[in-house]
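Please examine the sequence and the structure shown below before reading on. The paragraphs that follow lead from a pair of helices to the interior of the protein and then to some details of its backbone.

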Amino acid sequence: MRWAIYPVWPFIVGAVRALRNGILNMAVLVLLSVGTGYLFSVGATFFFKGEQFYEASAVLLVFILLGHWLEMRARAGASEAIRALLDLAPPMATVLRDGREVEIPTARVLVGDTVVIRPGNKIPVDGTVMEGSSLVDESMLTGESMPVGKKSGDAVIGATINKSGTFRYTATKVGADTALAQIVKLVQEAQNSKAPAQLLADRASQWLVLAAIVIGLLTFAVWYLLIGQPLLFAMTLTITVFVIACPDALGLATPMAVMVGTGLGAMNGLLFKNAAALEDATKLDVIIFDKTGTLTVGQPEVVDVVTAKGVTTDTVLANAASVEQGSDHPLAQAIVRRAQGLAVPVQKAFENIEGMGAGAEIDGERVFLGNRRLMDTQKLDLGELAAEAQRLQGAGRTVVHVARAGKVIGLIAIADAPRSTAAVTVAKLRERGVQVAMLTGDNAGTAQRIARDLGLDIVLADVLPGQKASKVRELQVQGKKVGMVGDGVNDAPALTQADVGFAIGAGTDVAIESADVVLMKSDPYDVVGTVELSHATLRKMHQNLWWAVGYNVIAFPLAAGVFYPFLLSPEIAALAMSGSSALVAINALMLKRTKLAGITRRSTVQTPPLRTAEAAA
């Protein structure tokens, strides 16, 4: 008889703990079903004549334990994301100790150690490059496929792969402080948290256990006391009711989906801090994007060049870049970046003209670069370009006038350019019925220009940093569920105020700490991927919950003998219970096959088209 006690011992412990806490769970039902059959068999063996359930109890336990084994296998499959992340870190690292290179376990690398990285090496811990340069593949953490250039002073992240050069860096974060360790911690916390739907399922499980006990006792009373069937028959049906009603499927319905969903997100650079955010992201009516650094690249870019008749775009850019060579002004750097690859002439006699621009001599001719006031001061007539300058300024762009040899040869329009994926992000969200808003401190003209380019629904301009949270609250007062996407310190209150806060991964630590979701690739298009993953996960939750509820609606009358003479044995009931749990787990694991927007498709960066005066005409 002792062989039947050992397998049931975990259920005895679980049932006792649950009852002490006033909870009814699956362990209570297992103890009732197996315990009833076993104790009845003991009584029939020593105290009275009757049928024995030893074999039935043993087989029942085998099937119940089989179901748990399948459940644990499924849970292990759902946790593959965490194991895959942990496996990214290299086991060994090469560091300088006493002036020579020593290979040590990564766990023994200390803050301040000098780490040596060669081509093909995995970077063991986070740090700052001291000397050398290289290209580093950060796709395993950010999902970004293009290698990132690293030079002295740049930060490197543990678990990323060095692709080309050799460099040395100083370890700044080791062990649990590394970016990889923090990501793993976030994923674990999200997988262990409970979504609102899961709290409902937990309460339903307790009521289900109570219902099983009541129905089981009623089944025994009706068949044995009222109908007069044999004790063995009534006892068998009662045990079958207890077994088939085990709420494993109901208990697995949401946590399995959450585990798979958060794991899939982590593998694609979408970090959910809790399960509630995963569910709440499906309910958003409006998503607000902070403009600078989120919808836009966060630095001035040349977005348009207009030339005078007979002048080429390259000529205008080359002359402007020549004057601006060596300047650290953001507008000057934007022009120099745009002129890369052109033959830029050498300038001399550079002159900074305070508040208006600059001038220099190129090939013996004077070149001026600056605002309209500089052109007026130099008595330079814009001619046919005057209307174009007014148009560009009206669209919220900064206009740089370029003149050479007493003639204005072109206009360079500079603005904080939208990210390459910003427009498609807005379009995809609107297709899903989500309104898209932009929050910015810029004036209304600049904000409206960007809004027209991107197709935004709502524009919130001239907003001071301290007013961002109140703007989110205003939309919430209107009964809308609001998401907020930001990257800066001043975005933190708004991210906290929003129903779901999205932090751009390249943003500040404060913003990331305040958000519910972190977008590791710093790409606004990943908001679409996040919403799609949330919808897919919630769909799996609902499918699993409906299956679990439908299973019990059918299972109770079958087990209670309502369809007599068609009856279920306890062993078949145990198989049905295990099969139901396995189906829920498998359905959740199917979520891994979801194709996320922004993961399988990437928009390419497109240079804004340039205009000439002839084309404009």
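Two helices count as roughly antiparallel when the angle between their axes is over 145 degrees. The angle runs from 0 to 180 degrees and is taken between N-to-C directions. This rule can be applied to the present structure, which is a predicted model. The axes of helix α8, residues 231-244, and helix α21 cross at roughly 170° and come within 8 Å of each other. Because angles over 145 degrees count as roughly antiparallel, α8 and α21 are therefore described in this way. Their crossing is right-handed. On the side of α8, the contact is made by Leu 237, Thr 240, Val 241 and Ile 244. Helix α21 contributes Tyr 551, Asn 552, Ala 555, Phe 556, Ala 559 and Ala 560. Of the residues in this contact, eight are nonpolar, two are polar and none is charged.

The view may now be widened to the whole protein. It contains 23 helices and 22 strands, and buried residues make up 50% of its 617 residues. Among contacts with a separation of 6 or more, 68% join residues 24 or more positions apart.

What, then, lies in the interior? In soluble globular proteins, nonpolar side chains tend to be buried together. The largest nonpolar core of this model has 41 residues, and Ile 335, Met 375 and Ile 412 have the most contacts inside it. Strand β17 gives the most to this core, with eight residues. Leaving aside residues up to four places away in sequence, Ile 412 touches ten others by name: Val 302, Asp 304, Val 316, Leu 317, Ala 320, Ile 335, Thr 398, Val 399, Val 400 and Val 402. Apart from the largest core lies another, of 38 residues, which includes Met 438, Val 527, Leu 533 and Leu 538.

Helix α16, residues 422-431, shows how a single element can be joined to several others. Its buried residues are Ala 422, Val 424, Thr 425, Val 426 and Leu 429. They pack against the strands β11, β17 and β18 and against the helices α11, α17 and α21. After α16 comes Gly 433, which has a positive phi, near 85°.

A strand residue offers a further example of contacts between separate parts of the chain. Gln 347 is placed in strand β13, residues 347-353. The C-alpha atoms of Gln 347 and Ser 322 are separated by 6.0 Å, although these residues are 25 residues apart along the chain. Besides Ser 322, Gln 347 touches Val 323, Gln 325, Ala 360, Glu 361 and Ile 362, not counting residues up to four places away in sequence.

Finally, some details of the backbone deserve attention. Most residues other than glycine have a negative phi, and most peptide bonds are trans. Asp 363 is not a glycine, yet its phi is positive, about 50°. This residue is found in the loop between β14 and β15, and Asp 363 is exposed, with a relative accessible area of 64%. Lys 379 likewise is not a glycine and has a positive phi, about 55°. Lys 379 belongs to the loop between α14 and α15 and counts as exposed at 74% relative accessibility. The peptide bond from Tyr 564 to Pro 565 is cis, with omega near 15°. Pro 565 lies in the loop between α21 and α22.

Key
Residues are numbered from 1 along each chain as its sequence is written. This is a predicted model: local features need pLDDT of at least 70, side-chain atom pairs count only at pLDDT 80 or more; totals for chains, interfaces and linings use all residues. Side-chain values use heavy atoms; hydrogens and water are left out. Buried means under 20% relative accessible area, exposed over 50%, partly exposed in between (1.4 Å probe, protein chains only). Helices (H or I, at least four residues) and strands (E, at least two) are DSSP runs, numbered from the N terminus. Contact means heavy atoms within 4.5 Å. Angles under 35 degrees count as roughly parallel, over 145 as roughly antiparallel, 65 to 115 as roughly perpendicular and the rest as oblique. A crossing is left-handed if the near helix is turned anticlockwise from the far one by less than a right angle, and right-handed if clockwise. Ala, Val, Leu, Ile, Met, Phe, Trp, Tyr, Cys and Pro count as nonpolar, Asp, Glu, Lys and Arg as charged, and the others, Gly among them, as polar. A nonpolar core is a set of buried Ala, Val, Leu, Ile, Met, Phe, Trp, Tyr and Cys residues joined through side-chain atoms within 4.5 Å.
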